[in-house]
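Welcome! Let's get to know this structure together, one question at a time.

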Amino acid sequence: MALRLYNTMSSRIEEFRPLHGVEVRMYACGPTVYDYGHIGNFRTFVAVDLLRRFLRQSGYTVRHVMNITDVDDKIIRNAARNGVSVQQYTAKYEKAFLEDGAMIGIEQPTLVRATEHIPEMADFVAKLVERGIAYRTEDGSYYFRIAKFPQYGKLSKKDFSGMLDGARVDVDEYDKDSARDFALWKAPKPGEASWETPIGAGRPGWHLECSVMSMEELGETFDLHAGGEDLIFPHHENEIAQSESFTGKPFAHFWFHARFLLVEGEKMSKSLGNFFTLRDLVLKGHKPSSIRYLLASVPYRNQLNFTFDGLKQAAVSVERLRNFRLRLTAGSFPGGSTPAMQSLAAQTVDGVRSALEDDLNTAQAQASIFEMVRQANAAFDTGAIKKDDVPPLLGALTKFDQIFAVLDDDDAPKMQQVMDWAIAEGREKDISAELRDALQSGQLSDADIEKRIAEMKAARVARDFSASDRIRAELAAAGIIVEITKDGIRWRRK
Ligand code: AMP
Ligand code: ZN
């Protein structure tokens, strides 16, 4: 079987085949770096990361590009309010975004920044003007004339037949149901950041950025374009209008949209007090791995209702998987193999794979691995796991983790980083007792480690190698690397 994905353009599930052999070219709309990313943003970014990882596991090479919107209305407003330049303002949040992505296991795409592609964008506008698709207004702004693109609405399936030709909008986001000519380029208002270009002074509109940078990096037609569901209209509709009227070719083959995340059943909003950045959750004492696991647990096209109970449950699930792996790596088993365990491992590999091939059904993939853990744990207790069963069971776990990426226990140093950041930002009051406790209990002191190493040495003297291996695995899980050399046992922190 091959990967089947829902395509917003066709409103159907289709088989995914890249246009260029084994290379997949995909573009995901990235963040507007005016604040810390919230868990809704990361729901979408994790969904794209799962897709990227699964494509790679399926044998494709992936060219994954993401934009950083580092100039827009909000950024300009906030930078001015804080008395800093746009660059100074966005640098802080871009750095935070990348740190947060790494914290929840997102593999970093190739990043493209709007402010580094201004001449190409101005050039693109100039060409649209030449073809009569864009026009200049008195203040020096440029607009896209949507009447020139009869297919406008084909992605969002909105009917714009009664639209007003020439009605304009200059904000980056606008009323969801009205079609208006949208700003490609905005002339500067007094005091605003702007760039001098052959089409005049100004800055690009948000939609233009993505069209120009995606085609520059990936070609005029590429495989897949991703984002959250709110981007279908107007952002992606406008990207299509700009790009296709420019090239006369289809822009992206697949349109991949992640459904929105709700918190405790409600739309996340600052006024409701249910708005959380990733860092807010870590400050409350939650592990990055639990957050990633929870965000990955609901297939991307289903609404994800984020709850604190769900987050606790996710932590238990991750712990269970980690303990299972420890049991396999640290245990000692009799020689031989048990056919039932061999086939369980093989079935699980197939089960996870076919779940993901089914429009990334992550819930089903997780169910599959847990069924393996359940059955294998039962087999442990009856001694039915033999030495040769360990590699296939571990192999199934590893394959699962190539996508879900929660098995390695590196939560403590990441949580420590968030705590250090909160202190540096003067936000000590936001550090919960739970986070302090988690860090204290999670970190072994040198004395604790020396004690465990002494136990390891004693076990080895007694030729109880499985006990020695068990201690070594426990230390590894706590981030301590142990090396056994002919001169003795050495350790260091990861
Ligand atoms: P922004 O920084 O607002 O442009 O958003 C970055 C990405 O996060 C976009 O792909 C949005 O569609 C997505 N996004 C924003 N809010 C949510 C949410 N509540 N749930 C899922 N995705 C979201
Ligand atoms: Zn975009």
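Q: Which residues are the closest around ligand 1, and how many surround it?
A: In this predicted model, 15 residues surround ligand 1, and the closest are G40, T44, G228, D230 and L261. A residue counts here if one of its heavy atoms lies within 4 Å of the ligand.

Q: What makes the approach of T44 to ligand 1 a polar contact?
A: A nitrogen atom of the ligand and an N or O atom in the T44 side chain are 2.7 Å apart. The cut-off for a pair of N or O atoms is 3.5 Å, so this pair qualifies as a polar contact.

Q: Why do G228 and D230 get the label of polar contact with ligand 1 too?
A: For G228, a backbone N or O atom is 2.9 Å from an oxygen atom of the ligand. For D230, an N or O atom of the side chain is 2.4 Å from an oxygen atom of ligand 1. Both values are within 3.5 Å, so both pairs are polar contacts.

Q: How much of the area that ligand 1 exposes when taken alone does the protein bury?
A: Taken alone, ligand 1 exposes 490 Å², and the protein buries 89% of that.

Q: Where does ligand 1 sit, and which elements give two or more residues to the shell around it?
A: Ligand 1 sits in the largest pocket. The elements giving two or more residues to its shell are α1 (39-57) and β12 (222-228). The largest share, four residues, comes from α1.

Q: What classes of residue make up the shell around ligand 1?
A: The shell has five nonpolar, eight polar and two charged residues. Gly counts as polar in this scheme.

Q: Why is the aromatic pair of Y27 and F222 called tilted?
A: The structure holds 22 aromatic pairs. In the pair of Y27 and F222, the centres are 6.5 Å apart and the planes make an angle of 55°. Under 30 degrees would be stacked and over 60 edge-to-face, so 55° counts as tilted. This pair links distant parts of the chain: Y27 is in strand β3 (residues 23-28) and F222 in strand β12, 195 residues apart.

Q: What kind of peptide bond runs from F233 to P234, cis or trans?
A: The bond is cis, with omega near 5°. P234 has its place in helix α6 (residues 232-247). Most peptide bonds are trans.

Q: What is the sign of phi at D359, positive or negative?
A: Phi of D359 is positive, near 55°, in a residue other than glycine. Most residues other than glycine have a negative phi. D359 is found in the loop between α10 (339-357) and α11 (362-381).

Definitions and conventions. Residues are numbered from 1 along each chain as its sequence is written. Chains are lettered from A and ligands numbered from 1 in the order in which they are written. This is a predicted model: local features need pLDDT of at least 70, side-chain atom pairs count only at pLDDT 80 or more; totals for chains, interfaces and linings use all residues. Side-chain values use heavy atoms; hydrogens and water are left out. A polar contact is a pair of N or O atoms within 3.5 Å; within protein, one must be able to donate a hydrogen and the other to accept it, and residues adjacent in sequence count only if both atoms are side-chain atoms. Accessible areas come from the Shrake-Rupley method with a 1.4 Å probe; for residues, only the protein chains shown count as cover. On a 1 Å grid over the protein atoms alone, a cavity is a set of points where a 1.4 Å probe fits but cannot get out, and a pocket is an open set with protein on both sides within 12 Å along at least five of seven lines; lining residues have an atom within 4 Å of a point. A molecule sits in a cavity or pocket if more than half of its atoms lie within 2 Å of its grid points. Rings of Phe, Tyr and Trp (its six-membered ring) pair if their centres lie within 6.5 Å; planes under 30 degrees apart count as stacked, over 60 as edge-to-face and the rest as tilted.
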